[in-house]
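The following exercises concern the arrangement of strands, helices and cysteines in one protein chain. Please study the sequence and the structure before attempting each task.

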Amino acid sequence: MKKPVMLIGIDPGASGGVAYMIGNSVNTFKHPDTKTLSIWFKENSELYDAYCVIEHQEVRPQDVDDMRIFAMQKLVKQYNQTCALMMAHGIRYAAVRPKSWQKTLGIELKGTEYGMRKNKLKQHSAKQYPTVKVTLWNADALCLLQYALLKAKHEPQFYKSAEIR
């Protein structure tokens with residue numbers, strides 16, 4: 001018997017979130033600790049054919065220059081742990097750079113200050129998911145879910161590999 005499909009969008013990090021869709025139902029929750037996320041992945045991978053888009057994270061030269069290196073290292077560690085958990089539980093995923101998913105969704109953020117960027121993403125997500133309470137912590141995850149949905153509809157082969165896009 002074929003399992004129902006679950007699409008997932010993950011914005012990793014302490015202030016990030018997870019958005020997922022089963023059928024037409026969309027839900028979100030704050031990005032949890034590793035143990036809780038592992039349990040969630042395990043339970044859902046048994047019930048659903050799960051596909052995920054996670055926002056790719058890496059330390060960039062400007063992070064070192066801005067002395068954000070320690071915060072970025074923590075974020076990259078959580079991102080890597082999340083990817084490892086998905087692999088361990090058989091969840092197919094694609095790691096996508098922010099500019100890639102933003103371009104696909106038609107969201108222009110170049111040169112926009114951080115707070116304004118977050119608010120634009122929140123407004124975009126609220127339009128796409130009017131029944132969901134959109135906040136700053138789940139807006140990116142909802143955008144990633146929208147990206148996952150577009151890829152599932154228009155590029156079914158998208159989830160065959162776990163490469164960075």
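**Exercise 1: Strand pairing**

Met 6 stands opposite Ile 22 in strand 2. The model is predicted: local features need pLDDT of at least 70, side-chain atom pairs count only at pLDDT 80 or more, and totals for chains, interfaces and linings use all residues. Residues are numbered from 1 along each chain as its sequence is written, and side-chain values use heavy atoms, with hydrogens and water left out.

Task: Determine which strands pair with strand 1 and in which sense.

Solution. Step 1: Strands (E, at least two residues) and helices (H or I, at least four residues) are DSSP runs numbered from the N terminus. Two strands pair if DSSP finds at least two bridges between them.

Step 2: Strand 1 is antiparallel to strand 2 (residues 17–22), with six bridges. In their hairpin, five residues lie between the strands, and Gly 13 takes a positive phi near 120°.

Step 3: Strand 1 and strand 4 (residues 49–55) run parallel and are joined by six bridges; here Ile 8 has Cys 52 as its bridge partner.

**Exercise 2: The whole sheet**

Task: State the strand order and explain why strand 3 and strand 5 each have one side without a neighbour in the sheet.

Solution. Step 1: The five strands form an open sheet of order 3-2-1-4-5, with mixed pairing.

Step 2: Strand 3 (25–30) and strand 5 (92–96) are at the edges and have a single partner strand each, so one side of each lacks a neighbour in the sheet.

Step 3: Strand 5 runs parallel to strand 4, through five bridges, and Ala 95 in strand 5 stands opposite Ile 54.

Step 4: Six of the seven residues of strand 1 (residues 5–11) are buried, so the rest of the structure largely encloses this strand. Buried means under 20% relative accessible area, exposed over 50%, and partly exposed in between (1.4 Å probe, protein chains only).

**Exercise 3: Cysteines**

Task: How many disulfides does the structure hold?

Solution. Step 1: A disulfide is a pair of cysteine sulfur atoms within 2.5 Å.

Step 2: The structure holds zero disulfides. For Cys 52, the nearest cysteine sulfur belongs to Cys 83 and is 8.0 Å away.

Step 3: The sulfur of Cys 143 is 14 Å from the closest cysteine sulfur, in Cys 52, which is too far for a bond.

Step 4: Cys 52 is buried, with a relative accessible area of 0%, and Cys 143 is also buried, at 0%.
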